[in-house]
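Welcome to a short set of exercises on reading a protein model. Take each task in turn, try it yourself, and then follow the solution step by step.

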Amino acid sequence: MEARKVAVITGGGRGIGAATAKLFAQNGYAVCINYKSNVEAASSLAEEIAAKGGQCIIVQADVSQEAGVLRLFDVVDKELGTISVLINNAGILQKQMRLEEMSAERINSILVNNVTSYFLCSREAVKRMSNKNGGLGGVIVNVSSGSARSGSPNEYIDYAASKGAIDTLTKGLSLEVAAEGIRVNCVRPGLIYTDMHSDGGEPNRIERLKSKIPLQRGGLPEEVSEAIYWLASEKSTFSTGNYLDVTGGL
Ligand code: NAP
């Protein structure tokens with residue numbers, strides 16, 4: 001019997017995570033949509049997926065906190081069964097500023113939300129997926145950012161550095177678990193139309209910058225979700241430790 005396909009998407013209620021949840025559900029995955037506080041967005045997405053015949057649950061959990069991550073995976077075990085795909089996607093951005101202005105509190109908040117969360121969720125996924133523990137293998141896709149390469153000077157180098165850490169996590173973990181049936185890859189989006197730019201204090205940031213994008217436009221969450229899906233799918237079974245840029249050429 002074919003193993004059940006179960007995908008966990010952190011920060012799946014809005015933006016890139018929501019587009020990814022829809023795509024996995026359309027392709028027959030039982031999907032866990034994790035969210036932190038926006039229950040309305042997660043619930044209406046779950047209704048949309050269910051109306052199209054997809055299977056999903058929503059789980060509130062702050063994935064920057066170990067207790068939240070443990071509870072999230074416990075609920076998935078009980079309600080959907082063993083995870084086969086983890087999409088580490090939840091992330092935050094804070095107001096644009098130079099390094100001299102950044103408080104320790106802000107920097108720590110960026111790191112715990114954007115880095116610790118990916119480590120903790122990956123840890124719980126690997127425990128369940130590894131064939132060393134009797135698991136059936138699986139795939140982890142990390143959502144990093146083109147900012148890991150640009151460094152985002154004068155805007156948010158704390159955020160960019162957090163994404164650099166995700167690139168390194170992808171490389172190290174992919175090698176650590178490659179012989180255990182687990183692939184680990186990374187998608188690095190560029191400027192994508194989501195709410196995140198408002199959190200950075202400039203809702204129209206993409207309009208200001210789009211002439212610098214070789215394809216001359218911002219990207220859609222759906223265009224990122226297709227790359228995530230490919231890296232998680234059986235079309236990419238010989239790819240691990242890779243980075244797929246979805247940046248319109250930037
Ligand atoms: P978004 O629209 O702001 O959505 C962020 C999601 O993350 C929300 O669902 C939010 O939950 C969730 N979240 C944040 N902190 C969380 C936590 N501690 N625990 C659980 N959930 C948490 O952002 P997005 O643009 O889709 O970003 C998704 C990923 O893509 C992020 O990793 C981001 O860094 C990356 N990315 C985005 C862009 C871009 O241009 N948009 C570019 C490069 C990379 P609530 O809904 O409950 O608030």
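**Exercise 1.** Find which strand and which helix each supply at least two residues of the lining of the second largest pocket, then describe that pocket.

*Solution.* Keep in mind that this is a predicted model.
Step 1: look at strand 5 (138–143) and helix 9 (221–232), since each of these gives at least two residues to the lining of the second largest pocket.
Step 2: note the volume of this pocket, about 540 Å³. Its lining is made of 23 residues, and those closest to the pocket centre are Lys5, Tyr29, Ser84, Gly138 and Glu234.
Step 3: sort the lining by class, which gives 9 nonpolar, 8 polar and 6 charged residues.

**Exercise 2.** Describe the overall build of the protein chain and decide how its compactness compares with that of a globular protein of its length.

*Solution.* Step 1: count the elements; the protein chain has 9 helices and 7 strands.
Step 2: compare two values. The radius of gyration is 17 Å, and the globule rule gives 18 Å for 250 residues; these are close, so the chain is as compact as a globular protein of that length.
Step 3: picture a box of roughly 55 × 40 × 35 Å along the principal axes, which the C-alpha atoms fill.

**Exercise 3.** Work out what surrounds the ligand and how much of the ligand the protein buries.

*Solution.* Step 1: the ligand is surrounded by 33 residues, with Ser37, Asn38, Asn89, Tyr159 and Thr194 the closest.
Step 2: find the elements behind this shell. Among those that each supply at least two residues are helix 1 (15–26), strand 2 (30–35) and helix 4 (104–129).
Step 3: by class, the shell holds 13 nonpolar, 15 polar and 5 charged residues.
Step 4: check the backbone. A polar backbone atom of serine 37 sits 2.6 Å from a ligand oxygen atom, while for a backbone N or O atom of glycine 190 the distance to a ligand oxygen atom is 3.2 Å.
Step 5: finish with the area. The ligand alone exposes 900 Å², and the protein buries 96% of that.

Key
Residues numbered from 1 in each chain as written. Predicted model: local features only at pLDDT ≥ 70, side-chain atom pairs only at ≥ 80, totals over all residues. Heavy atoms only, no water. 1 Å grid on protein atoms, 1.4 Å probe; cavity = no way out; pocket = protein on both sides within 12 Å on 5 of 7 lines; lining within 4 Å. Points joined across faces, edges and corners; volume = space filled by probe spheres on them. Helix = DSSP H or I, 4+ residues; strand = E, 2+ residues; numbered from the N terminus. Nonpolar A, V, L, I, M, F, W, Y, C, P; charged D, E, K, R; others polar. Near = heavy atom within 4 Å. Polar contact = N/O pair within 3.5 Å; in protein donor to acceptor, adjacent residues only side chain to side chain. Areas by Shrake-Rupley, 256 points an atom, 1.4 Å probe, with all protein chains shown as cover. Rg over C-alpha atoms; globule rule 2.2 N^0.38 Å.
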